[in-house]
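Open the model in your viewer and keep the selection panel handy. We will go from one helix out to the whole chain, and then on to the place where two domains meet.

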Amino acid sequence: MPGPWPLNAERDADGVLHVGGVSVTDLARDHGTPLWVVDEGDLRERCRRYVSGFPGVEVAYASKAWCTVGILQIVDDEGLLVDVASEGELHTALVAGIDPAKLIHHGNNKGESELDRALEVGLGRIVVDSFDELERLERLAAARDTVAQVWLRITPGIDAHTHEYVRTGHDDAKFGFTLSLGLADQAMLAARDLDHVEVVGIHAHIGSQIFGTDPFIANADVCLELMARWRDEHGVTLTELNLGGGMGIRYTHEDHPVEVSRYGKAVLEAVSDACGRLDFPRPRLVVEPGRAIVGPSTLTLYEVGTVKPLPGLTTWVSVDGGMGDNIRPALYDAVHEVMLASRASAVEPRSVTVVGKHCESGDLVREHAPLPGDLAVGDLLAVAATGAYTASMASNYNRLPRPGAVLVKDGQAHELLRRETLDDLVSRDVPVR
Ligand code: LLP
């Protein structure tokens, strides 16, 4: 089964899908739907594959992919660092009990209070994204009489050929110091004159859901050439390099992502070639995958509520969630594999379009899904690879409560995220009469 499904997903003799040894019918009965079902064994295994696939490299989990206390505790247990990109993600990591020294702080517009909290708790590395931030950080660090150790975020001019909304490494981007415009050099020179900011390395993240190793190799080359040039031209030898995340995963059987070990080998070879060629000492290396750690571990369970066949047109299948719990199809034209999960069916598949229950035509779960012709109200559908950028981008559009999540392992299910209640939905509303 696996393909895009969690490693510990399989059907029993009656065709009912089990994840981590728990049947989806039991999960739906006990926890309701929609439900994010996280295969703990899969999540831990992805962490381990990164740690072993990148020997001598530190792996940071990009928590924007899914930031909850429980997920962060699991990746921390597995020895990963954690990257946070807001005060909320930072707060979650601190509540999860993660050593602040293991945190990396990103963001193209970190506010005063956010940066100050990072300095207060002694966060590991801050990734400086702009000249304004450099100035802000110098001022805040001076006030605390401390020195912030930072990486400069470089925009390396690499086009990673992924969806326009998830590209970050090309020149005209909102993130970082554009290398080709000389801004990276200017930032490094400006930082050299500061007393409370010490640049110890650079960071470059080129985009997301990238297949193939070439863009990552190009990124390593560009970064090391820059570091060697700064040594030669300015006498500045940086010792740390973060090559970002962005490794693609399988959302359907047609996706063929690069194996972690191949990806690790390619990057490490590129780094040692470049270091040899440039006679540059091998820096401390960090990579920061998000999607590839948590994405494949999770599926979403929905219950079918209506089936509407339009003769000669589309058969519309509506489920009890949608764009509120997974915005990816609407936002990126993302295609997630779907299956009938609560029973087997010997009936020929037909092409149906699975939609959510939000008041919007773009509320797609999956267009043209081949699902059994006897699909009926009450059936459970599973949607694959929904661990990354679904819960973390969820909304309450139409005031749908956001789903809960369970962690499954060895036949046991534990709540990871409580389902929102109707009262939660009005808990921030202030009456005016
Ligand atoms: N590092 C930085 C600085 C990032 O901006 C990101 C993702 C990552 C690491 C992790 O990238 P990953 O390994 O997860 O691809 N919502 C979009 C993806 C946005 C990615 C944002 N930055 C989606 O659902 O496809």
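**First stop: a helix**

Select helix α2, residues 40–53: E45 and R49 sit four residues apart in it, which means that about one helical turn separates them. This is a predicted model, so treat each stop as a computed result. Show the side chains of E45 and R49 and you will find a salt bridge, with 3.0 Å between the closest N and O atoms. The structure holds 27 salt bridges, and this pair is one of them.

**Zoom out: the whole chain**

Now switch to a cartoon of the full protein chain, where there are twelve helices and 21 strands to browse. Along the principal axes, the C-alpha atoms fill a box of roughly 70 × 60 × 40 Å. How does the radius of gyration compare with that of a compact globule? For 433 residues such a globule would have a value near 22 Å, and the protein chain has 23 Å, so the two agree.

**Colour by domain**

Give one colour to domain 1, residues 9–38 + 296–426, and another to domain 2, residues 106–289. Nine residues from domain 1 and eight residues from domain 2 take part in the contact. If you place a marker at the C-alpha centre of each domain, the two markers will be 37 Å apart.

**Where the domains meet**

The size of an interface is often given as the accessible area lost when the parts come together. Between domain 1 and domain 2, about 820 Å² is buried, and carbon and sulfur atoms give 58% of that. Which three residues should you select on the domain 1 side? Pick Y332, E337 and A385: they supply 51% of the area that domain 1 buries against domain 2, more than any other three residues. By class, the domain 1 side that touches domain 2 has six nonpolar, one polar and two charged residues. Two residue pairs are in polar contact across this interface, while the count of salt bridges between the domains is zero.

**Two backbone stops**

Most residues other than glycine have a negative phi, and most peptide bonds are trans. Stay with A385, in the loop between β19 (380–383) and β20 (404–409). The phi of A385 is near 55°, a positive value in a residue other than glycine.

Finally, select T33 and P34, which are joined by a cis peptide bond with omega about -10°. P34 is in the loop between α1 (24–31) and β4 (35–39).

Methods. Residues numbered from 1 in each chain as written. Predicted model: local features only at pLDDT ≥ 70, side-chain atom pairs only at ≥ 80, totals over all residues. Heavy atoms only, no water. Domains from an automatic or database assignment. Contact = heavy atoms within 4.5 Å. Buried area = accessible area lost by both parts, 1.4 Å probe. Salt bridge = Lys/Arg side-chain N within 4 Å of Asp/Glu carboxyl O. Polar contact = N/O pair within 3.5 Å; in protein donor to acceptor, adjacent residues only side chain to side chain. Nonpolar A, V, L, I, M, F, W, Y, C, P; charged D, E, K, R; others polar. Helix = DSSP H or I, 4+ residues; strand = E, 2+ residues; numbered from the N terminus. Rg over C-alpha atoms; globule rule 2.2 N^0.38 Å.
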